[in-house]
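Let's take a friendly walk through a protein. Have the sequence and the 3D view ready, and look up each residue as it comes along.

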Amino acid sequence: MTTVKEIMTTDVKVCQPHDAIVEAAKIMRDVNVGIVPVCEGKRVIGMITDRDIVIQAIADGKDGNTVHCHDVMTTDVTTCTPDMDIHECANIMSEQQIRRLPVVENGELVGICAIGDLARVNIHIDEAGQALSEISDPLH
C-alpha cells in the first residue's frame, strides 16, 4: 500500500488569514501554484486560489493590498492524512472535484497532495487520470 506520506509535497508555503491577497499571489507566482493553504499557526483554516483573488477582489476593483486572505478564501477545506492510502486520496479528489488536498496530522499541516503526485506513481496513472477526468467534468 502506497500512502500519501510517500508522495506528498512537504515544503508547503502558506498564508496567514490577515495577509493581504497580494502576498498569496506572490507565493503562487514564486512557487508556480494556483492555490495556497491559509493557516493559523500550523492549522489549516482555509484555501485561497488564484480564481478567488481574481473573482472576489480584482474583478470588483478592490485593492490587493487591503483585501485579506480571510476575505476571499474557501473555509470548507477537505483534507487527507499522511497514512491514507493513495487510492482513497484519489477517490476524495474525484468525489470533491479538487486537485490538491492539504495533508493534516494531529490538526497540523504537514504537506499537500496534488493530482500530479498521484500520477507520478506508475501503478496509479489510470486512477489519477480517472480522478482528473471526473474533477474536470462540470456535470460530475
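Below is a short tour, from the overall layout down to single residues.

## The big picture

First, keep in mind that this is a predicted model. The protein has 140 residues, and 41% of them are buried. It is built with seven helices and four strands. If you trace the chain from start to end, the order of these pieces reads α-α-β-β-α-α-α-β-β-α-α.

## Charged partners

Let's begin with charges. Side chains of opposite charge can pair when their charged atoms come close. This structure holds four such salt bridges, and three of them are worth a stop here.

Start with Lys13 and Asp11, whose side chains form a salt bridge with an N to O distance of 3.3 Å. How much of each partner is open to the outside? Lys13 is partly exposed, at 42% relative accessibility, while Asp11 counts as exposed because its relative accessible area of 57% is over the 50% cut-off.

Next come Glu23 and Lys26, joined by a salt bridge at 3.7 Å, N to O. Both belong to helix α2, which covers residues 21-31, and they are three residues apart, so about one helical turn separates them. Glu23 is partly exposed, with a relative accessible area of 36%, and Lys26 is partly exposed with a value of 36%.

The third stop is Arg29 with Asp30, where the N to O distance in the salt bridge is 2.8 Å. Are these two buried or exposed? Arg29 and Asp30 are both exposed.

## A nonpolar patch outside

Now look for Val54, Ile55 and Ile58. Together they make a nonpolar patch of about 250 Å² on the surface. Val54 sits in helix α3, which runs over residues 50-56. With a relative accessible area of 43%, Val54 is partly exposed.

## Two pockets

How much space does the largest pocket hold? It comes to about 450 Å³. There are 15 residues lining the largest pocket, and the ones nearest its centre are Ile35, Met47, Thr49, Ile98 and Arg99. Strand β2 (43-49), helix α3 and strand β3 (100-105) are the elements that each give two or more residues to this lining. By class, the lining of the largest pocket is an even mix: five nonpolar, five polar and five charged residues.

The second largest pocket has a volume of about 250 Å³. It is lined by 15 residues, and those closest to its centre are Thr9, Val31, Val33, Arg100 and Ile112. Two or more lining residues come from each of α2, β1 (35-40) and β4 (108-114), with β1 giving the largest share, three residues. What kinds of residues line the second largest pocket? Nine are nonpolar, one is polar and five are charged.

## A hidden glycine

Back to strand β2, where you'll find Gly46. Is Gly46 buried or exposed? Gly46 has 0% relative accessibility, and because anything under 20% counts as buried, that is how Gly46 is classed.

Try finding Pro17 as well. Gly46 and Pro17 are 29 residues apart along the chain, yet their C-alpha atoms are separated by 8.3 Å.

## Two positive phi angles

Finally, check the backbone in two loops. Gln97 lies in the loop between α5 (86-96) and β3. Its phi is near 55 degrees, a positive value, and Gln97 is not a glycine. Gln97 is also partly exposed, with a relative accessible area of 29%.

The other case is Asn106, found in the loop between β3 and β4. Asn106 isn't a glycine either, but its phi is positive, at about 55 degrees. Which class of exposure does Asn106 fall into? Asn106 is exposed, with a relative accessible area of 77%.

Terms used:
Residues numbered from 1 in each chain as written. Predicted model: local features only at pLDDT ≥ 70, side-chain atom pairs only at ≥ 80, totals over all residues. Heavy atoms only, no water. Buried < 20%, exposed > 50% of the residue type's maximum accessible area, 1.4 Å probe, protein only. Patch = residues over 30% accessible without salt bridge, like charges linked within 9 Å, V, L, I, M, F, W, Y side chains within 5 Å. Areas by Shrake-Rupley, 256 points an atom, 1.4 Å probe, with all protein chains shown as cover. 1 Å grid on protein atoms, 1.4 Å probe; cavity = no way out; pocket = protein on both sides within 12 Å on 5 of 7 lines; lining within 4 Å. Points joined across faces, edges and corners; volume = space filled by probe spheres on them. Nonpolar A, V, L, I, M, F, W, Y, C, P; charged D, E, K, R; others polar.
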